[in-house]
Amino acid sequence: MDKEDMLVPQEGDVLLCVSITKSMKSGERGSLYEATRKWWRLSPKTVQDVTHVLGVYEGEVKVVYDDVVWQLTADPRYAGRLEFTSAHPDGVKSDYIGKYYRMRRPTVKLRKENKL
């Protein structure tokens, strides 16, 4: 795999990568949007600076959401977990789509460091 194929945050972006492989393979959530947005074990503090949420399927970014609004889920089976809504449920066009990222945890936040 070439270096240009790897996921690298752009200046000012804070990325939250979520693995959607299991949800998509099982078909339990039905769409990229539903697989990407729901029931994450994250704190509100963790997601407060996130600028983009990336759905990663088998190591490849398949969908990108920006301008998301986070809230605690209303589903009692997943009490205390977070989900987001987006004005763009089909995702947004992004240079991140098709990039590769090796998931070491279910969710990982990447931040491009500002270098002066």
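## The nonpolar cores

In this predicted model, the largest nonpolar core has 17 residues. Leu16, Val47, Val53, Trp70 and Phe84 touch the most other members. Several elements feed this core. Strand S1 (14-19), helix H2, strand S3 (60-66), strand S4 (68-72) and strand S5 (82-86) each supply at least two of its residues. S1 gives the most, with three residues.

Another core lies apart from this one. That second core has ten residues, including Leu7, Cys17, Val56 and Val92.

## Phenylalanine 84 and its partners

Phenylalanine 84 is one of the residues that touch the most other members of the largest core. Which residues does phenylalanine 84 touch, not counting those up to four places away in sequence? They are Tyr33, Thr36, Arg37, Val53, Tyr65, Val68, Val69, Trp70 and Gln71. Tyr33, Tyr65 and Trp70 appear again in an aromatic cluster, where they join Phe84.

## Aromatic pairs

The whole structure holds five aromatic pairs. In one of them, the rings of tyrosine 33 and phenylalanine 84 have their centres 6.3 Å apart. Their planes stand at 75°. That angle is over 60 degrees, so the pair counts as edge-to-face. Tyrosine 33 lies in helix H2 and phenylalanine 84 in strand S5, so the pair ties together parts that are 51 residues apart in sequence. Tyrosine 33 and phenylalanine 84 are both buried.

Tryptophan 39 and tyrosine 78 also form an aromatic pair, and this one is stacked. Their rings are 4.1 Å apart, centre to centre, with 15° between the planes. This pair links distant parts of the chain, 39 residues apart. Tryptophan 39 sits in the loop between H2 and helix H3 (44-47). Tyrosine 78 sits in the loop between S4 and S5. Are these two residues buried or partly exposed? Tryptophan 39 has 13% relative accessibility, so it counts as buried. Tyrosine 78 has a relative accessible area of 22%, so it is partly exposed. The cut-off for buried is under 20%.

## Arginine 37

Arginine 37 belongs to helix H2 (residues 32-37). Its relative accessible area is 11%, so arginine 37 is buried. Where does its side chain reach? It comes to 2.7 Å from the backbone oxygen of phenylalanine 84. Arginine 37 also touches residues around that point: not counting residues up to four places away in sequence, its contacts are Leu82, Glu83, Phe84 and Thr85.

## Two loop residues

Isoleucine 20 is in the loop between S1 and helix H1 (21-26). With a relative accessible area of 0%, isoleucine 20 is buried. Leaving aside neighbours within four places in sequence, isoleucine 20 is in contact with Leu32, Ala35, Thr36, Gly55, Val56 and Tyr57. Isoleucine 20 and valine 61 are 41 residues apart along the chain. Their C-alpha atoms are separated by 9.7 Å.

Glycine 91 is in the loop between S5 and strand S6 (107-111). Which residues does glycine 91 contact, leaving aside neighbours within four places in sequence? They are Val63, Val64 and Tyr65. Glycine 91 and tyrosine 65 are 26 residues apart in sequence. In space, they are 5.0 Å apart, C-alpha to C-alpha.

Key
Residues are numbered from 1 along each chain as its sequence is written. This is a predicted model: local features need pLDDT of at least 70, side-chain atom pairs count only at pLDDT 80 or more; totals for chains, interfaces and linings use all residues. Side-chain values use heavy atoms; hydrogens and water are left out. Helices (H or I, at least four residues) and strands (E, at least two) are DSSP runs, numbered from the N terminus. Buried means under 20% relative accessible area, exposed over 50%, partly exposed in between (1.4 Å probe, protein chains only). A polar contact is a pair of N or O atoms within 3.5 Å; within protein, one must be able to donate a hydrogen and the other to accept it, and residues adjacent in sequence count only if both atoms are side-chain atoms. Contact means heavy atoms within 4.5 Å. A nonpolar core is a set of buried Ala, Val, Leu, Ile, Met, Phe, Trp, Tyr and Cys residues joined through side-chain atoms within 4.5 Å. Rings of Phe, Tyr and Trp (its six-membered ring) pair if their centres lie within 6.5 Å; planes under 30 degrees apart count as stacked, over 60 as edge-to-face and the rest as tilted.
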